[in-house]
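Biologist: Please teach me to read a protein model. Let us take one feature at a time.

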Amino acid sequence: MTTLDYIVIVIYFIGLLAVSFIVGRRIKSSEDMFIAGRNSSWWLSGISSYMTLFSAGTFVIWAGVAYKSGIVAVVISMSLGLASLFVAKWISGYWRRLSIKSPGEYLEVRFGRGCLQFYTIAGMLGKVVTSAVALYAISIMLYTLSNGKLNLFLIILALGLITAIYTMAGGFLAVLMTDVVQFGVLFVMIVLMIPLSFHEVGGVSTFVEKASAIPGYFSGTSETFTLFWLVLWVLLNAAMIGGDWPYVQRYVSVPTVKDAKKSTYLIGILFLLTPIIFYLPAMVYRVLVPGPGMDVDAVAMNAIGEGAYMNMSSKVLMTGMVGMMMAAMLSATLSLISGAINVFANVFTLEIWGGMKKNRNASEAKRIRVGRIFTLILGLAITGFAMLIPFAGGAEKVIVTILTVVICPLYIPSIWGLFSRRLTAKHLITAMAVTWIIGFGAKFLVPAEILNPSLVESLCGFIVPVVLLACMEISSAKKGSSCEGYEKLSAMVDPNSEIEPGPEMQKAVKSFSFMACNFFAITVVAIALLLLALLAVHDPKTMAVKGIVVKFVIGIFILIAAYVSYRIIDHRKNR
């Protein structure tokens, strides 16, 4: 990377911090801090959830699959769209129907305080480790791209602190707004990369011709990712999107049940439409390096594939834009981390700390202060753990696998409890303990030659807990038993969740929407201006694709002109 690339990355993160401090001035209560006062619009919640599903793994692991195996990576990603549509139809609306301020409040009412503590400890440990691994992975990408010129530990520290600070300063509203900024950078940069990638390879027809020579490159399944695995993958992700706390937090942050459903439908639509856009650069790179006809061993193929996205970026992007692309990848991972930090700060502040007798009457100012302190502590814990990963000798891959088996099953009973009056805390904890024993046993005792490790994870993460909970449900039904927590939960229906919000809330929702659109517009205009500056100074790489760049910039300004026109019309209509 050049000096300009580093400058672009620094400016980008200064912008994220500025956004967080700007929106932080709107925080007046703990409800503002953790669920944006329920004033998040459906599309804002949807885009934020969409961004939460991205991480370094998107551009390393799955881009590597796209490089090596082709269109199957697109199908895998589109599976998240199917999972989201299922959640939109059957689950997300139920969360908003409840008058809860956090996922933890739901757990305490439905299963009791002991279950809340069990979930919080297990979930928090899991999120700290997985977030730390994600932070480490994205830091390694920046370290590698700098050719070792930057210190790895300083990169981890800087990224961890930036994430903790902007989440602490702006709360959940900052998470929403920065997710929109990150979406703007990521989407614009990848859309720019597609024509540049095709230009590099000699056109779309050349790519299709060469890629077709690779066996199975345009097949939707592979030996590793079979149709059965894909079905399990959809179900497992439906459990995650329907029950993982960061997503639940977004469902309860919108005004109505209808909005919660629409936000989840948006996630589904985006994941059905965008995967081909995201993975095309890695797929195009395959016909460049090593090429369909070259004989490369599996280890080398995996190594090339995992670096395909950044290598393609370096090959086709112009000065400064590599830094912008790197910022997009960094921010995608930071979005995942900031969402996790905020939701656990939410549960800790409102349910764990706030549930203590001496703190139940604490002022809103004190709740906000405690929430911010815990946000910083959790951010520092993730950063510290990420710094320890290099000393674990690559153990992060094992850790992530174990956490997939341990943490993912927790989503299922959480969702189950929304619909079942019979599931109790004892059932839940027993099901999780048995699932974990089976999961660990299968992971370490079943050879990879006998059963695909990915399939083992999916079976243990979804099928095992579902079967166990179903058996418990049937047994309880025969006994005629029910759980008192379900009756308490049924009494917590929010009467406002099914009706259109009043003028005051509509005004707040619109205000947040316009704020997000403004940040998005500023972001994409900044990218357009950088491209124009590169054209003005006759940057060689930019001038080589001048036609593509000019059309791209014109497209951005047409989009911004349409938005400005809409704002003018709306202002005249409502003044």
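Modeller: We will go through confidence, the core, a surface patch and two loop residues.

Modeller: This is a predicted model; local features need pLDDT of at least 70, side-chain atom pairs count only at pLDDT 80 or more, and totals for chains, interfaces and linings use all residues. Residues are numbered from 1 along each chain as its sequence is written, and side-chain values use heavy atoms, leaving out hydrogens and water.

Biologist: What is the mean pLDDT of the protein chain?

Modeller: pLDDT is the predictor's confidence in each residue, from 0 to 100. The chain has a mean of 88, and 94% of its residues reach 70 or more. Confidence is lowest in helix 20 (residues 396-407), at a mean of 62. Helices here are DSSP runs (H or I, at least four residues), numbered from the N terminus. Where pLDDT is low, do not read the predicted coordinates in detail.

Biologist: Which residues touch the most other members of the largest nonpolar core?

Modeller: A nonpolar core joins buried Ala, Val, Leu, Ile, Met, Phe, Trp, Tyr and Cys residues through side-chain atoms within 4.5 Å. Buried means under 20% relative accessible area, exposed over 50%, partly exposed in between (1.4 Å probe, protein chains only). The answer is W95, M177, L317, M321 and M326, in a core of 187 residues. Helix 10 (residues 152-201) gives the most to this core, with 26 residues.

Biologist: Is F444 buried or exposed?

Modeller: F444 is exposed, because its relative accessibility is 55%. F444 is found in helix 22 (residues 425-445).

Biologist: Where is R38?

Modeller: R38 is in the loop between helix 2 (30-35) and helix 3 (42-52). Its phi is positive, near 60°, and R38 is not a glycine. R38 is buried, at 9%.

Notes
Helix = DSSP H or I, 4+ residues; strand = E, 2+ residues; numbered from the N terminus.
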